[in-house]
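These are my notes from one sitting with the structure. I looked up rings, charges over rings, cavities, cysteines and backbone oddities.

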Amino acid sequence: MADSETLEFVTEHERILQEIESTDTACVGPTLRSIYDDQPNAHKRFMEKLDARIRNHDREIEKMCNFHHQGFVDAITELLKVRADAEKLMGQVTDTNRRLQEAGRDVRAQTEEVIRCRIQQRNMATTVEKLHCFFLLIEASLCPHRYYAALKTMEQLEKVYIPRVSHYRFCQIMAENLPRLREEIKDISMSDLKDFLESIRKHSDKVGETAMRQAQQHRTFNSAVAKQLHIGHYSKPVYSLSRHTNTHLSNGLWSNDDTGDDEDADEEILTAQDLVDFSPVYRCLHIYSVLGDRETFENYYRKQRKKQARLVLQPQANMHETVEGYRRYFNQIVGFFVVEDHILHATRGLVTRAFTDELWNMALSKIIAVLRTHSSYCEDPDLVLELKNLIVICADTLQGYGFPVSRLFDLLFEVRDQYNETLLKKWAAVFRWEIFESDNYSPIPVETEEEYKLVTSRFPFHDPEIEKQDFPKKLPMSQSVPQIYTQVKEFIYASLKFSESLHRSSTEIDDMLRKSTNLLLTRTLSSCLQNLTKKPHIGLTELVQIIINTTHLEQACKYLEEFITNITNISPETVHTTRLYGLSTFKDARHAAEGEIYTKLNQKIDEFIQLADYEWSMAESDGRASGYLMDLINFLRSTFQVFTHLPGKVAQTACMSACKHLSTSLMQMLLDSELKQISMGAIQQFNLDVMQCELFASSEPVPGFQGDTLQLAFIDLRQLLDLFMVWDWSTYLADYGQPNSKYLRVNPATALALLEK
């Protein structure tokens, strides 16, 4: 047991010794502590073991020293031998070093100078590189239109960095080049501005077209809303086209989110910024402002825009020929001022309100003068109406941007007069060629109830007696009457179209409609009727029908009054309401036709009289009236039968006029200066003819004459012929001058002239 323990200690001590030999001294403490922690007296045994190990190592060291001692001695001996040579060599090296230092002192100075120059060269190259990069940076700023960044860089260089190294020449050169760069930037930005002005000149019509189209859509929308509000089924708000309600160009001309039209609502709202890039203006203005030359830029911009305004306001020579010419003209004007309004509000002071007002007043005067001139060439009422619509849309659009447009609306009154003139010319052609020339001037035949209703639906005709008649029957007027009535209503509708969107009250519209209708009646229709009655192919039958037609048209005037009242809702009893002059128009036309009847009737009588072939030297009469006279009487009888449809006084006046003219013509035949001699036989024959005239007068060819009123037309002839037939000169001479004389109507000069013959 003791041996095993001893062996164990030996083994443990051996291990500890190996560990001490092989490990760092910092770790020896724990190893030694483990020895003292073991059994008592263990450390003594370990010390013994340690002493034995030390002695063993000493023996090995001694062996090693003994082995190398002779070599060491030999090395020392050799070193002592070399020592003298080393001292001699040291002296030579020191001398060589001294002489080398003295010889390289100049080279060292030159090398240091080269090093210093190389450092300067490197610094200069770095500086040039940095400056080159700087100028490349400035040029790069100029290329993508980053002018403001380039100016800021130059400003920073000029105020911060150059002063620090201002004593260097290259800095002075840089400082001298900076103004040139600024001028270059100004020139480039000015070139961009010129390109912008050219672009806006090309795109003004597109901008104006977009603004006017949106204004028109908005006006249509407002009209629909107003109509819905009127019937009480719509409650959305009505938006006005103005700059202050979502119409500034920066936000869009106007917003049509509530248009109610899906197609319009989906359509993209284009603005001036969508069509024109305004950045060159902003950029150039900013650059000139930074460079302290803003006033020069403002003056140039305003001068150029004035020139462009004059070009825009100059119309094409054939503008009045098509509506596209007018539309292009207005698009350019609206586009120009929409852009100016955007510039006014998007920039500060580039243009002022006074400047835009000056431009607008100049433009307004030019526009009015141009439209006055060109509208006077328009002969198509549809084109004039389109012109009016364009003026209204243009005025509404520009009014939304704050421009005063009252003078444009005043111009519309002049355009309205021109429109009325073109309408009157158009309807004059309708009356003259489409109605009067195609009319057969005979009563309208109606075969069925449907035909009767068709006529009465076009013309307000009511006659109880005719309504009681069986079909087929005839209406007293001819086809032209319902056509004229319909065309007058069409004219009123056409005239009403011009009044739309003029922002006028119902009273003013009513007044305009009545005045234009009066012009149609009193000037156009009246003139056409007057010319119609004077046409050679219009005979007595046609004149009679014209009188009947004008009578029915006169009676229909009250229905035209009601028609206008229904349109405008203005009662005709209103104090300031203009009355229609249709009554006087148709009365004048009827009187003209009556006068033509009298004239043509007399002309026809003259034609028959010219056929008279009296044998003034005949011995005695053949006992019957002359053939020409009988034909004349038959003609008058048939003619007066046609007069039964005329008003009584017209027929009576025509009959009395014809008889008087016949009597006068027969009297002139007897007293003709070329007739030198008349036999009693001829007097007897002439007496037979006068008797036939008296029989015709007594037969009451036209009803309504009292007693022998019509026969009195031949009283002068009768008394003259009785005087010669009876040869009652004593009575004539005795009773001459007496109120109850038998030959009171016989003029002495007439009797003497016939007596001489």
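**Entry 1: aromatic rings.** I started with an aromatic cluster, which is made up of F336, F337, W360 and F403. The model is a predicted one, and I read everything below with that in mind. I then ran the search over the whole structure, and it returned 17 aromatic pairs. I picked out F459 and Y485, whose ring centres are 5.5 Å apart with 90 degrees between the planes, an edge-to-face pair. The two residues are 26 apart along the chain, and the pair links distant parts of it. F459 belongs to the loop between α14 (449-458) and α15 (464-468), while Y485 belongs to helix α16.

Are F459 and Y485 buried or exposed? F459 has a relative accessibility of 1% and counts as buried. Y485 has 8%, and because buried means under 20%, Y485 is buried as well.

The next pair I noted was F724 with W727. Their ring centres lie 6.0 Å apart and the planes make 75 degrees; the pair is edge-to-face because that angle is over 60. The accessibility of F724 is 3%, so F724 is buried. W727 has a relative accessible area of 48% and is therefore partly exposed.

**Entry 2: charges over rings.** I looked for lysines placed over aromatic rings. The charged end of K473 sits over the ring of F471, at 4.3 Å from the ring centre. K535 lies over the face of W433, with 5.7 Å to the ring centre.

**Entry 3: cavities.** How many cavities of 30 Å³ or more are there? I count five by the rule used. The largest cavity has a volume of about 50 Å³. I listed its lining: F436, Y441, S480, I484, L529, L532, I546, N549, T550 and L553. By class, seven of these residues are nonpolar, three are polar and none is charged.

Which helices supply at least two residues each to this lining? They are α16 (480-499), α17 (506-533) and α18 (540-555). α18 has the largest share, with four residues.

S480, one of the lining residues, also came up in a distance check. Its C-alpha atom is 9.3 Å from that of E434, although the two residues are 46 apart along the chain. E434 is in helix α13, which covers residues 406-436. With 53% relative accessibility, E434 counts as exposed, because the cut-off for that class is over 50%.

**Entry 4: cysteines.** I searched the whole structure for disulfides and found zero. I checked C659 separately: C659 is in no disulfide, and the nearest cysteine sulfur, that of C655, is 4.4 Å away. Why does that pair not count? The cut-off for a disulfide is 2.5 Å between the sulfur atoms, so a separation of 4.4 Å does not meet it. C659 is buried, at 1% relative accessible area. C117, by contrast, is partly exposed, at 34% relative accessibility.

**Entry 5: backbone.** I looked for a cis peptide bond and noted the one from F471 to P472, with omega near -5 degrees. P472 is in the loop between α15 and β2 (473-475). F471, on the other side of this bond, is the residue whose ring has the charged end of K473 over it.

Then I turned to positive phi values in residues other than glycine. E700 has phi near 55 degrees. Where is E700? I found E700 in the loop between α23 (680-698) and α24 (715-726). Its relative accessible area is 43%, so E700 is partly exposed.

W727 has a positive phi too, near 60 degrees. W727 is placed in the loop between α24 and α25 (729-735). This is the W727 that pairs edge-to-face with F724, and I enter its loop position and phi beside that pair.

**Cross-references.** I keep three residues marked for another look. F471 has K473 over its ring and precedes the cis bond to P472. W727 combines a positive phi with a ring pair to F724. S480 lines the largest cavity and has its C-alpha 9.3 Å from that of E434.

Methods: Residues are numbered from 1 along each chain as its sequence is written. This is a predicted model: local features need pLDDT of at least 70, side-chain atom pairs count only at pLDDT 80 or more; totals for chains, interfaces and linings use all residues. Side-chain values use heavy atoms; hydrogens and water are left out. On a 1 Å grid over the protein atoms alone, a cavity is a set of points where a 1.4 Å probe fits but cannot get out, and a pocket is an open set with protein on both sides within 12 Å along at least five of seven lines; lining residues have an atom within 4 Å of a point. Grid points are joined across faces, edges and corners, and a volume is the space filled by probe spheres set on the points. Ala, Val, Leu, Ile, Met, Phe, Trp, Tyr, Cys and Pro count as nonpolar, Asp, Glu, Lys and Arg as charged, and the others, Gly among them, as polar. Rings of Phe, Tyr and Trp (its six-membered ring) pair if their centres lie within 6.5 Å; planes under 30 degrees apart count as stacked, over 60 as edge-to-face and the rest as tilted. Buried means under 20% relative accessible area, exposed over 50%, partly exposed in between (1.4 Å probe, protein chains only). A charge sits over a ring if NZ of Lys or CZ of Arg is within 6 Å of the ring centre and within 35 degrees of the ring normal.
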